[in-house]
Amino acid sequence: MSKLMSLILGLGLTAGVAGTALASPKCTTEPETKWLSESAMKEKIAALGYKNIRVFKKTASGCYEIYGFTADDKKAEVYFNPVDGSVVQKNIDGADED
């Protein structure tokens, strides 16, 4: 592989990774010791009306993130502040809502 092709490929991969990292909002800089436990956060999420959670995870940007459904069965991707459980950003059936 030529050096030029290697450089182009490397730049493309770097841009792709940077783009992915930017997709997730910054929720907190607090250490995980101050975060709500996963079980407490899942209870809070259920109380907010989200259901059928297919994905529940911690993000590299300091959020809890879910993929599931709203109470009225719309697909939802939601980022939560893990310290207080507040919604930081949500995407409901393709409509961004900050």
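**Aromatic rings and a hairpin, step by step**

User: Why does Trp35 count as buried?
Analyst: In this predicted model, Trp35 has a relative accessibility of 12%, and because buried means under 20%, Trp35 counts as buried.

User: How many aromatic pairs does the structure hold?
Analyst: There are three aromatic pairs in the structure.

User: What makes the pair of Trp35 and Tyr64 edge-to-face?
Analyst: The ring centres of Trp35 and Tyr64 are 5.4 Å apart, and since centres within 6.5 Å are what a pair requires, these rings qualify; their planes stand at 75 degrees, and planes over 60 degrees apart count as edge-to-face, so that is the name this pair receives.

User: Why can it be said that this pair ties together parts that are apart in sequence?
Analyst: Trp35 belongs to the loop between α1 (3–23) and α2 (38–47), whereas Tyr64 belongs to strand β2 (residues 64–69), so the pair ties together parts that are 29 residues apart in sequence.

User: How do you know whether Tyr64 counts as buried or exposed?
Analyst: The relative accessibility of Tyr64 is 2%, and with the limit for buried set at under 20%, Tyr64 counts as buried.

User: Why is the pair of Phe56 and Tyr64 called tilted?
Analyst: The centres of the Phe56 and Tyr64 rings lie 5.0 Å apart, with the planes at 35 degrees; because stacked needs planes under 30 degrees apart and edge-to-face needs over 60, an angle of 35 degrees fits neither, so the pair is tilted. Phe56 is buried, as is Tyr64, and together with Trp35 these two residues form one aromatic cluster.

User: What sits over the ring of Phe56?
Analyst: The charged end of Lys42 does, at 5.0 Å from the centre of the Phe56 ring, a distance that satisfies the cut-off of within 6 Å.

User: What makes strands β3 and β4 a pair?
Analyst: Strand β3 (residues 75–80) and strand β4 (residues 87–92) run antiparallel and are joined by five bridges, and because at least two bridges are needed for strands to pair, the condition is met. One of the bridge partnerships links Tyr79 with Gln89 in β4. The hairpin has six residues between the strands, and Gly85 there takes a positive phi near 80 degrees.

User: Why does Ser86 count as partly exposed?
Analyst: Ser86, which is found in the loop between β3 and β4, has a relative accessibility of 31%; because buried is under 20% and exposed is over 50%, Ser86 counts as partly exposed.

User: With which side chain does the side chain of Ser86 make a polar contact?
Analyst: The partner is the side chain of Asp84, at 2.8 Å, and this lies inside the limit of within 3.5 Å.

Terms used. Residues numbered from 1 in each chain as written. Predicted model: local features only at pLDDT ≥ 70, side-chain atom pairs only at ≥ 80, totals over all residues. Heavy atoms only, no water. Phe/Tyr/Trp six-rings, centres within 6.5 Å; stacked < 30°, edge-to-face > 60°. Helix = DSSP H or I, 4+ residues; strand = E, 2+ residues; numbered from the N terminus. Buried < 20%, exposed > 50% of the residue type's maximum accessible area, 1.4 Å probe, protein only. Lys NZ or Arg CZ within 6 Å of the ring centre and 35° of its normal. Polar contact = N/O pair within 3.5 Å; in protein donor to acceptor, adjacent residues only side chain to side chain.
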